[in-house]
Amino acid sequence: MNITIKTPEEIQIMREGGKILATILKTLKKEVKEGISTAELNQIALNMCAQYNVQPSFLGYGGFPGAICASVNEEIVHGIPSDKKLKKGDLISIDFGVYHKGLHTDSCITVPVGEISPQKQKLLKVTKEALNNAISLVRDGVQLGDISNIIQETAEKNGFNIVKNLTGHGIGENLHEEPQVLNFGKKGTGIVLKKGMTIAIEPIITIGSPKNYTLSDDWTIVTEDGSLSGHFEHTMAVTQNGADILTT
């Protein structure tokens, strides 16, 4: 397994890119409202990338046509921006990456459109909690299985399910690097995290069945039973004292 340890200078560049990414995501979150299309959100992201002189990591990645992944309701990940307009009660996951001075950062938020049901509120709360619980364990010397386990445990004790075929990942010169960061696993297993590693942790949780399939567009992954999913993500550097979150 080829895991790259980043220099302090590289981590600082990722912090710069991550701050820009966070600024763009905050703007997109404010713009989420009934009647806006995911293509319009995509255009806002493109305009802001130009403003901050960064590149959107996802645009053209493996042929992906958008700057953001905009996944609505039963769409879990990789939703292609389109003229589809958001409706009251929808959930939209906005996954976004920035390429800045040769290094990537990656982050995701799931945003409600107006008022949502208590069950949807719980889904977002628990998915955020799973991410925060995982981040709280990150530090030099911790095994990756401990982090994977707490994500699974947080989801399942609240009656939700983990999408096991979608994972977090290492990140840096490449958008996806080693190691894979699974959202399920056993404590005391997996590689040991080392200071200077940079990883993206991203719990992906469903209300119903975690079984999923890819639509005919070859990108959008949806739940098999049409149930809703939540997705939150941060990029972070591993330090001796904990996680240094780079996408805030």
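Strand β14 (residues 234-238) is a good place to start, as 5 of its 5 residues are buried. The model is predicted, and in it β14 is covered on both faces. From this strand we can move out to its partners, then to a small sheet, the nonpolar cores and the chain as a whole.

**Strand β14 and its partners**

- On one side of β14 sit H234, M236 and V238, and on the other sit T235 and A237; all of them are buried.
- That two-sided arrangement is easier to picture with a general point in mind: in a regular strand, side chains alternate between the two faces of the sheet.
- Strand β9 (residues 198-201) pairs with β14 in the antiparallel sense, over 4 bridges.
- Within this pairing, T198 has A237 of β14 as its bridge partner.
- Strand β15 (residues 243-245) also runs antiparallel to β14, and 3 bridges join the two.
- Here M236 is matched with I245 in β15 as its bridge partner.
- β14 and β15 form a hairpin with 4 residues between the strands, and G242 takes a positive phi near 150 degrees there.

**A sheet of three strands**

- Look next for an open sheet of 3 strands, in the order β6-β10-β13, with antiparallel pairing.
- β6 (161-162) and β13 (229-231) stand at the edges with a single partner strand each, so one side of each has no neighbour in the sheet.
- Helix α3 (residues 118-137) packs on this sheet and touches β10 and β13, its direction making about 150 degrees with that of β10.
- Strand β10 (residues 204-206) is joined to β13 by 3 bridges, the two running antiparallel.
- To find this pairing in the model, look for T206, which stands opposite S229 in β13.

**The nonpolar cores**

- The largest nonpolar core has 53 residues, and those with the most contacts inside it are L28, L41, I92, I94, F96, I147 and I201.
- Helix α3 gives the most to this core, with 7 residues.
- A second, separate core has 10 residues, including I11, F64, A237 and L246.
- A237 therefore appears both among the buried residues of β14 and in this second core.
- As a general background, nonpolar side chains in soluble globular proteins tend to be buried together.
- I92 is worth a closer look: leaving aside neighbours within four places in sequence, this residue is in contact with V32, T38, L41, A70, S71, V72, L86, I109, T110 and V111.

**Serine 71, a buried polar residue**

- One of the contacts of I92 is S71, which is found in strand β2 (residues 68-72).
- How buried is S71, by relative accessible area? The value is 3%, and since buried means under 20%, S71 counts as buried.
- A polar atom of the S71 side chain lies 3.4 Å from the backbone nitrogen of H78.
- Beyond neighbours within four places in sequence, S71 is in contact with I76, V77, H78, G79, L91, I92 and S93.

**The chain as a whole**

- The secondary structure comes to 4 helices and 15 strands.
- The chain has a radius of gyration of 17 Å, which agrees with the value near 18 Å for a compact globule of 248 residues.
- Its C-alpha atoms fill a box of roughly 45 × 45 × 30 Å, taken along the principal axes.
- Buried residues make up 53% of the 248 residues.
- Among contacts between residues at least 6 apart in sequence, 71% join residues at least 24 apart.

Notes: Residues numbered from 1 in each chain as written. Predicted model: local features only at pLDDT ≥ 70, side-chain atom pairs only at ≥ 80, totals over all residues. Heavy atoms only, no water. Pairing = 2+ DSSP bridges. Contact = heavy atoms within 4.5 Å. Axes fitted to C-alpha atoms, helices over the stretch in contact; angles between N-to-C directions. Buried < 20%, exposed > 50% of the residue type's maximum accessible area, 1.4 Å probe, protein only. Polar contact = N/O pair within 3.5 Å; in protein donor to acceptor, adjacent residues only side chain to side chain. Core = buried A, V, L, I, M, F, W, Y, C linked by side-chain atoms within 4.5 Å. Rg over C-alpha atoms; globule rule 2.2 N^0.38 Å.
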